[in-house]
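I opened my notebook for another model today and wanted to see what its atoms would tell me. Here is the structure I was looking at.

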Amino acid sequence: QVQLVESGGGLVQAGGSLRLSCAASGIIGGTGTMGWYRLASGEKRELVADITSGGSTNYADSVKGRFSISRDNSNKTVYLQMNSLKPGDTAVYYCKAFIIRSGRLNVYWGQGTQVTVSS
């Protein structure tokens with residue numbers, strides 16, 4: 001059974017920082033692109049940032065210069081460092097990962113972690 005376990009969400013004041021973590025566990029052959037999405041109330045789920053197994057990164061325009069994504073391939077973990085947080089960043093953040101299992105590439109999602117930024 002493959003699981004993505006997220007941590008690091010919480011309540012922070014505008015201008016503050018949070019660091020999200022997402023660790024993949026289970027019988028895993030390897031991990032491909034890993035990323036973070038968010039879902040705000042009344043909005044569509046959107047990509048925040050993702051990172052390939054080789055380290056290439058991609059960011060939403062709204063977070064460029066403030067957020068940084070990284071990964072630890074040996075521990076199958078992806079991180080999202082969020083700085084200069086704004087109330088508009090308030091959302092449930094979900095981890096997504098492409099994982100090789102039983103010779104096939106599958107997509108997995110975490111359970112989500114709430115990030116709330118107060119003004």
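My entries below go through salt bridges, one arginine, backbone angles, the core and strand pairing.

**Ground rules**

I am working with a predicted model, in which local features need pLDDT of at least 70, side-chain atom pairs count only at pLDDT 80 or more, and totals for chains, interfaces and linings use all residues. I number residues from 1 along each chain as its sequence is written, and side-chain values use heavy atoms, with hydrogens and water left out.

**Entry 1: salt bridges**

I began with charged pairs, as side chains of opposite charge can pair when their charged atoms come close. My criterion was a side-chain nitrogen of Lys or Arg within 4 Å of a carboxyl oxygen of Asp or Glu. How many salt bridges does a search of the whole structure find? It finds 4.

I looked up Arg 38 and Glu 46, whose closest N and O atoms are 2.6 Å apart. Arg 38 also forms a salt bridge with Asp 89, here with the closest N and O atoms 3.0 Å apart. That second pair links distant parts of the chain: Arg 38 is in strand 4 (residues 30-39), while Asp 89 is in the loop between strand 8 (77-82) and strand 9 (91-101), 51 residues away. For the record, my strands are DSSP runs (E, at least two residues), numbered from the N terminus.

Which residues are linked in a network of salt bridges? Arg 38, Glu 46, Arg 66 and Asp 89 are.

I also noted a salt bridge between Lys 64 and Asp 61, with 3.1 Å between the closest N and O atoms.

**Entry 2: how accessible are these residues?**

I call a residue buried under 20% relative accessible area, exposed over 50%, and partly exposed in between (1.4 Å probe, protein chains only). Is Arg 38 buried or exposed? Arg 38 counts as buried because its relative accessibility is 6%. Its partner Asp 89 is buried as well. Glu 46, at 32%, counts as partly exposed. Asp 61 is exposed, with a relative accessible area of 65%.

**Entry 3: the surroundings of Arg 38**

I stayed with Arg 38 and checked its polar contacts (a pair of N or O atoms within 3.5 Å; within protein, one must be able to donate a hydrogen and the other to accept it, and residues adjacent in sequence count only if both atoms are side-chain atoms). Its side chain makes such a contact with the side chain of Ser 62, at 3.4 Å. Another polar contact, of 3.0 Å, joins the side chains of Arg 38 and Asp 89.

Then I listed contacts, meaning heavy atoms within 4.5 Å. Leaving out residues up to four places away in sequence, Arg 38 touches several others, including Lys 44, Val 48, Phe 67, Ala 91 and Tyr 93.

**Entry 4: backbone angles**

Most residues other than glycine have a negative phi. I therefore wrote down Lys 76, which is not a glycine but has a positive phi of about 55°, with the general rule in mind. Lys 76 lies in the loop between strand 7 (67-72) and strand 8, and it is partly exposed at 25%.

Ser 102 has a positive phi of about 55° too, and is not a glycine either. I found Ser 102 in the loop between strand 9 and strand 10 (104-109). At 71% relative accessibility, Ser 102 counts as exposed.

**Entry 5: the core**

Next I looked at the largest nonpolar core, a core being a set of buried Ala, Val, Leu, Ile, Met, Phe, Trp, Tyr and Cys residues joined through side-chain atoms within 4.5 Å. Of its 30 residues, Trp 36, Leu 80, Met 82 and Tyr 93 touch the most other members. Which strand supplies the largest share of this core? Strand 9 does, with 5 residues.

**Entry 6: strand 11**

I followed the side chains along strand 11 and saw them alternate. Thr 113, Val 115 and Val 117 point to one face and are buried, while Gln 114, Thr 116 and Ser 118 point to the other and are not.

I count two strands as paired if DSSP finds at least two bridges between them. Strand 2 (residues 10-13) pairs with strand 11 in the parallel sense over 4 bridges, and there Gly 10 has Val 115 as its bridge partner. Strand 9 and strand 11 run antiparallel, joined by 3 bridges. In that pairing I found Ala 91 opposite Val 115.
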